[in-house]
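This report describes a ligand site, the nonpolar cores and one buried acidic residue in turn. It is to be read alongside the sequence and the structure.

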Amino acid sequence: MARRRQIYEGKAKVLFEGPEPGTLVAHFKDDATAFNNQKRGTITGKGVLNNRISEFLMLKLHDIGIPTHFIRRLNMREQLIREVEVIPVEVVVRNVAAGSMSQRLGVPEGTQLPRSIVEYYYKNDELGDPMVCEEHITAFGWASPQDIDDFLAMTLRINDFLTGVFMGIGIKLIDFKLEYGRIYDENGDVRVVLADEISPDNCRLWDLATGEKMDKDRFRRDLGQVEEAYQEVARRLGILPEGATLETIAREEEDGEKG
Ligand code: 5GP
């Protein structure tokens, strides 16, 4: 296959020009970074698992009426997505105190919050993704009040839905980060859609029974068994057949692509 033109390389993904105008191919890497790039490493098989986990969750969200940028998974590490105008705001939802909220406010990790809390961060690596409020977002034109209404409503719905999906497989959804973009149709009408990915890279997932962390905090905090945790999330979601390993999946995919 002809080499595709690279559009952008991020920390965990590379974006290539897609086969049709308005589409992109997202390639999921095994690279992992944390603390605004200060910690770097590799989580073997992460790209393969996140590609599958995100596909699975994006399709479920599509089924409940959430518009997303996801079109279809192409192969082990790649998915076809719609090109969006990126809204430079990270939307974080928290159900249980953890991470930066616990550090900033002194609320012990694991404290159940009385209601879900939504926070906004300005997507800017140089500034270390600072927390912002709605006033900043509208004043600096990152998103309109209508965009905010749209993504806030979607975010709360996604949180309720994913909380249930994970609860059903014995996992507590502690918090997660979403990103949104805009798509313009032929008439120039604009629609806000869910973009990026949903995976253990940007969710905190704790085992319901033991409280064990099953997400990127295992990498961030050097807890070990990082690959195993991502694999276990995929297995419980039913994406990894019983007994399958990353190696057997890789072989199957290779055979599929040849055949
Ligand atoms: P915290 O603000 O506690 O560091 O993160 C809250 C949640 O959002 C966590 O689930 C974390 O994984 C996710 N999150 C926040 N910022 C980022 C980011 O820049 N990259 C990724 N992968 N996840 C993020």
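Contact, as used here, means heavy atoms within 4.5 Å. The model is a predicted one.

**Nonpolar cores**

With neighbours within four places in sequence left aside, Phe151 is in contact with Ile87, Val91, Tyr120, Ala143, Tyr180 and Val192. Phe151 belongs to the largest nonpolar core, which has 52 residues; together with Ile158, Phe166, Tyr180, Leu194 and Ile198, Phe151 touches the most other members. Helix H4 (residues 145–167) supplies the largest share of this core, 7 residues. Another core lies apart from it and consists of 5 residues, including Leu15, Leu24, Phe28 and Ile81.

**Ligand site**

The shell around the ligand holds 17 residues, of which Arg94, Ser100, Asp175, Arg204 and Arg220 come nearest. By class, the shell divides into 9 charged, 5 nonpolar and 3 polar residues. Oxygen atoms of the ligand lie at short listed distances from polar atoms of Asn202, Arg204 and Arg220. The polar pairs that involve the ligand or Asp201 are tabulated here.

| Pair | Atoms | Distance |
|---|---|---|
| Ligand and Asn202 | ligand oxygen, polar backbone atom | 3.5 Å |
| Ligand and Arg204 | ligand oxygen, polar side-chain atom | 2.9 Å |
| Ligand and Arg220 | ligand oxygen, side-chain N or O atom | 2.9 Å |
| Asp201 and Asn50 | side chains of both residues | 3.4 Å |
| Asp201 and Tyr230 | side chains of both residues | 2.5 Å |

For the ligand, an oxygen atom lies 2.9 Å from a side-chain N or O atom of Arg220. The ligand taken alone exposes 490 Å², and the protein buries 80% of that area. Four elements each give two or more residues to the shell around the ligand: strand E8 (85–96), helix H2 (99–105), strand E11 (171–184) and strand E13 (203–207).

**Asp201**

Where in the chain is Asp201 placed? Asp201 sits in the loop between strand E12 (190–195) and E13. Is Asp201 buried or exposed? The relative accessible area of Asp201 is 10%, and because buried means under 20%, Asp201 counts as buried.

The side chain of Asp201 forms a polar contact of 2.5 Å with that of Tyr230 and one of 3.4 Å with that of Asn50. Beyond neighbours within four places in sequence, the residues in contact with Asp201 are Ala12, Lys46, Asn50, Lys216, Arg220 and Tyr230. Arg220 thus appears in two settings: in contact with Asp201 and among the residues that come nearest to the ligand.

Conventions:
Residues are numbered from 1 along each chain as its sequence is written. This is a predicted model: local features need pLDDT of at least 70, side-chain atom pairs count only at pLDDT 80 or more; totals for chains, interfaces and linings use all residues. Side-chain values use heavy atoms; hydrogens and water are left out. A residue is near a molecule or strand if one of its heavy atoms lies within 4 Å of it. A polar contact is a pair of N or O atoms within 3.5 Å; within protein, one must be able to donate a hydrogen and the other to accept it, and residues adjacent in sequence count only if both atoms are side-chain atoms. Accessible areas come from the Shrake-Rupley method with a 1.4 Å probe; for residues, only the protein chains shown count as cover. Ala, Val, Leu, Ile, Met, Phe, Trp, Tyr, Cys and Pro count as nonpolar, Asp, Glu, Lys and Arg as charged, and the others, Gly among them, as polar. A nonpolar core is a set of buried Ala, Val, Leu, Ile, Met, Phe, Trp, Tyr and Cys residues joined through side-chain atoms within 4.5 Å. Buried means under 20% relative accessible area, exposed over 50%, partly exposed in between (1.4 Å probe, protein chains only).
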